[in-house]
Structures are given as C-alpha cells and as structure tokens.
Amino acid sequence: MIYLDHNATTPPAPAVIAAMLPVLSGVWANSSSQHGPGQDAKRALGAARATVARVLGCKPVEVIFTSGATEANHLAVRGLLASAAPGRNRVIFSSVEHAGHLRLARSLAQAGIQVDFIPVRADGTLDMAAAKALITADVALVSLMAANNETGALMPVTEVAALTHAAGAALHVDATQFIGKQPFNFASCGADAVSLSAHKFQGPKGVGALLLRQGVALMTQTLGSQERGRRGGTENLAGIVGMAAALELLDDVGTQAARLTTLRNTLEAGLIRAIPETHVWCQTAPRLPGTCYLRFGQLSADVVLQRLDRLGVAASSGAACSSGGSEPSHVLTAMGVPAEEALAAVRFSLGATNTPAEVNHLLQTLPPLLVPLLHEEMLTAP
Ligand code: PMP
C-alpha cells in the first residue's frame, strides 16, 4: 500500500511504539497515587511533560494534556470565553477551520454568543482586511488554525496575534496540522493557547495537548484535580509518553519539510504534465510541505479514489461525507470554488514514510487510468 493520507493520520513511528510498550506493561499505576508505583508513573508523566515543553518551546506548566486536538480546541474556546472580561462576548473563527471546530462555532452561536468568520481569498489565504475589521474591542477570543488540513494553506498567525492583542482579546491557534510538519515555537508564535494532536506526527491516537501561556485565565471544562485542575481525568500515560517520543523525532523537521516539498512538487508537476486537466489549489500560497489538493477536470473524487484504491494508493477526497451523500468541501466553498469542481477534489498528503519511488509509481500508473475517463467526460459533456 502507498499511504498518501498523512493529514488524516500517520502511522506511529517504531520509536513511539518502543517508548509506549514498557509503560503499558509496567508503568500502569495512577500518577495521583502516593505509593511507589504511583510515584513512578508521576515521574514518567513529568519527564514526558518536560520533553513536550522542550521540543515545543514552552514551560512544562504551560502543557495541558488532553485526548487530542478536538478536546484541546473545545477547552481553549469555551475556557477562554468563560474567562473573558465582561463586555467581551464575540468569538471570531476563520471560515475554513476544521469541520469539528466549526460545529463548536455553531453551538456557540445557538447558545446566543455572537460568532463571526474571517473569510479566505480565492487562493486559500486569510483575508487580513476582513480580519482587521472583525477583531474589535468587544471580542473575547479569536480561534484560527495554523495550517488548513485540506489545502495545506498556512495562516498568518503572528499578524493575527498582533491584531488580536491590540484589541485586548486572546488568540487560540489550532496547530494540529502544523506541528510535525514545520518548525514550531510556542514562546515566539504569538498565540495564547495552541492545540496539537499526537497522531498527526507519528504519535498515538487519542492524545494531544493544549499549550496555555502562563498567566492566561482559562475556565476548566472537565472538573478534576489533574493538570493543575485545568483538565480532570486520569492521564493517558502511555499515550503521553508516546507523544513525547514522537516530538523528539521532530528535531529534523526542517530537513523533512524540504524533502516533502520536493516530493510534493514532483508529484504535482508530473500529474500536470501527464493530465493537462489537472488543477492544483493553493499552489501559489504559502502551504504545508507535503499537501497536494487538486482535481482532474471535473472527474468525480469518488471515481478517482476508486482507481487509486485499485492501485493500492490511499488518498482522500475533499468532500465531507454526510448521511446519504457527499457535500462539497466547506474550505473550497469558502474559496469560491463551484460545487461541481469541489466534488472533484482529491487530497494527497505526504509524510515521513513516503519515498520518491512511491511518487514515481503513482505517476506511472494513475494517468493511464484517468486519461480515458477524462476523454469520455469531454465527449459526454453537454
Ligand atoms: N484540527 C485540525 C486542523 C485537524 O486536522 C484535526 C484532525 N483531522 C483536528 C483538529 C482533530 O484532531 P483530533 O483527531 O486529535 O481530535
């Protein structure tokens, strides 16, 4: 199998599994227990927290372990909103946030909070003029992703941080797709809170963190004594140790990013050469190294994914499956892409395990399957 769906999830690295196994079998005590085994677990938790803090450029006390990015996002938005000063009752999201995060936005709106969305331009980048107009003195917080999971487009986090702080509001950044693909430093990124998820960078699933700048008030959403009262619940120690091990592998993230950019550019150039109907979105925007989001004319994504499956290639479509059918991606819709083009969206996302040989194999085998279909489509078009 050729796995080209690293933005969905990544295979755990062997070093991650090796770090987790002894914890699962031997360090299973509760880190809140006073006895010896409990204290061993507490030490392992502290060591993992120190590693996470070192790699991500924050203080250990700024790390709140969660069950992943969805929970970290909810904790940040609901927690910062509940702690905002009186009179600050607006929350700003971008229109291209992760689907789960937009559900949270809708649930806030249903509860009577004023929610506004910063639009994106046709190339997938954030509309900064609109951001300036929306971020005013009545805003409690702005929640913005660092990189889009579909297009890979990078968002201007430092510029938005400056606007947000000038308005006296807090900035939450969903860095789920960014951390692991680009160098990241919490201290210098400008955000007050940052979400991450281990399974996006070769760590285990079901574990992540919210990094929270020391001194920023955040109302807990899960009552309990763990994580200094900020997130209750017995810690997923094996997962946390696995996440720390995965972060340690990111010391060479810059080299990996350069390698994946070359590989992705080879893939895109090869597909455009072999299939002239190929259209790549966000090709000129600053974007993640391994993400390639495209359509082959208006060939339905379902048809392309079936052919890819036949070739043993795992990729994904840009459409969110809803009961009974597919809807065009909200990200492409926000970029002004018509539905019939958005329903043709296919995403290849490359990662640590991919090789030039895999990309060459795809370039040799996919075009002969798609070109006849595109010709048929041209003949039958009205
Ligand atoms: N935010 C973004 C940008 C994501 O891509 C994802 C995962 N697809 C999430 C949040 C949710 O992460 P998790 O699976 O850890 O809940």
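A salt bridge is taken here to be a side-chain nitrogen of Lys or Arg within 4 Å of a carboxyl oxygen of Asp or Glu. The structure examined is a predicted model, in which local features need pLDDT of at least 70 and side-chain atom pairs count only at pLDDT 80 or more, whereas totals for chains, interfaces and linings use all residues. Residues are numbered from 1 along each chain as its sequence is written, and side-chain values use heavy atoms, with hydrogens and water left out.

The protein chain is assigned two domains, with domain 1 comprising residues 2–6 + 252–380 and domain 2 comprising residues 14–251; such bounds come from an automatic or database domain assignment. The C-alpha centres of domain 1 and domain 2 are 29 Å apart. Where the two domains meet, 20 residues of domain 1 are in contact with 29 residues of domain 2, contact meaning heavy atoms within 4.5 Å. About 2100 Å² is buried between domain 1 and domain 2, and 62% of this area is on carbon and sulfur atoms. Buried area is the accessible area, computed with a 1.4 Å probe, that two parts lose on being put together, summed over both. Of the area that domain 1 buries against domain 2, Val253, Leu288 and His330 supply 29%, which is more than any other three residues.

Across the interface of domain 1 and domain 2, 0 salt bridges are found by the rule stated at the outset, while 8 residue pairs, both members at pLDDT 80 or more, are in polar contact between the two domains. A polar contact is a pair of N or O atoms within 3.5 Å; within protein, one must be able to donate a hydrogen and the other to accept it, and residues adjacent in sequence count only if both atoms are side-chain atoms. On the side of domain 1 that touches domain 2, the elements giving two or more residues are α9 (253–274), β10 (291–296) and α11 (330–334), and α11 gives the most, with 3 residues. Helices (H or I, at least four residues) and strands (E, at least two) are DSSP runs, numbered from the N terminus. Sorted by class, this side of domain 1 has 12 nonpolar, 5 polar and 3 charged residues, where Ala, Val, Leu, Ile, Met, Phe, Trp, Tyr, Cys and Pro count as nonpolar, Asp, Glu, Lys and Arg as charged, and the others, Gly among them, as polar.

In the whole structure, 10 salt bridges are found. One of them joins Arg231 to Glu71, with the closest N and O atoms 2.7 Å apart; this pair links distant parts of the chain, since Arg231 lies in the loop between β8 (208–212) and α8 and Glu71 lies in helix α3 (residues 69–82), 160 residues apart. Both Arg231 and Glu71 are buried, a residue being called buried under 20% relative accessible area, exposed over 50% and partly exposed in between (1.4 Å probe, protein chains only). A salt bridge also forms between the side chains of Arg90 and Asp138, at 2.8 Å from N to O. Arg90 is buried, with a relative accessible area of 6%, whereas Asp138 is partly exposed, at 28%. The side chains of Arg264 and Glu268 meet in a further salt bridge, at 4.0 Å from N to O; because these two residues are 4 residues apart in helix α9, Arg264 and Glu268 are separated by about one helical turn. Arg264 and Glu268 are both buried. In addition, Arg90, Asp116 and Asp138 are joined into one network by salt bridges that share partners.

Several loop residues were also examined. Asn354, in the loop between β15 (346–349) and α13 (356–380), counts as buried at 2% relative accessibility. A polar atom of the Asn354 side chain lies 3.0 Å from the backbone oxygen of Tyr3. When neighbours within four places in sequence are left aside, the residues in contact with Asn354 are Tyr3, Leu4, His6, Arg259, Leu263 and Ser349. Asp251, in the loop between α8 (237–248) and α9, is by contrast exposed, with a relative accessible area of 59%.

Most residues other than glycine have a negative phi. Arg228, in the loop between β8 and α8, nevertheless has a positive phi near 55°, and Cys282, in the loop between β9 (278–280) and β10, has a positive phi of about 60°. Arg228 is exposed, with a relative accessible area of 65%, whereas Cys282 is buried, with a relative accessible area of 5%.
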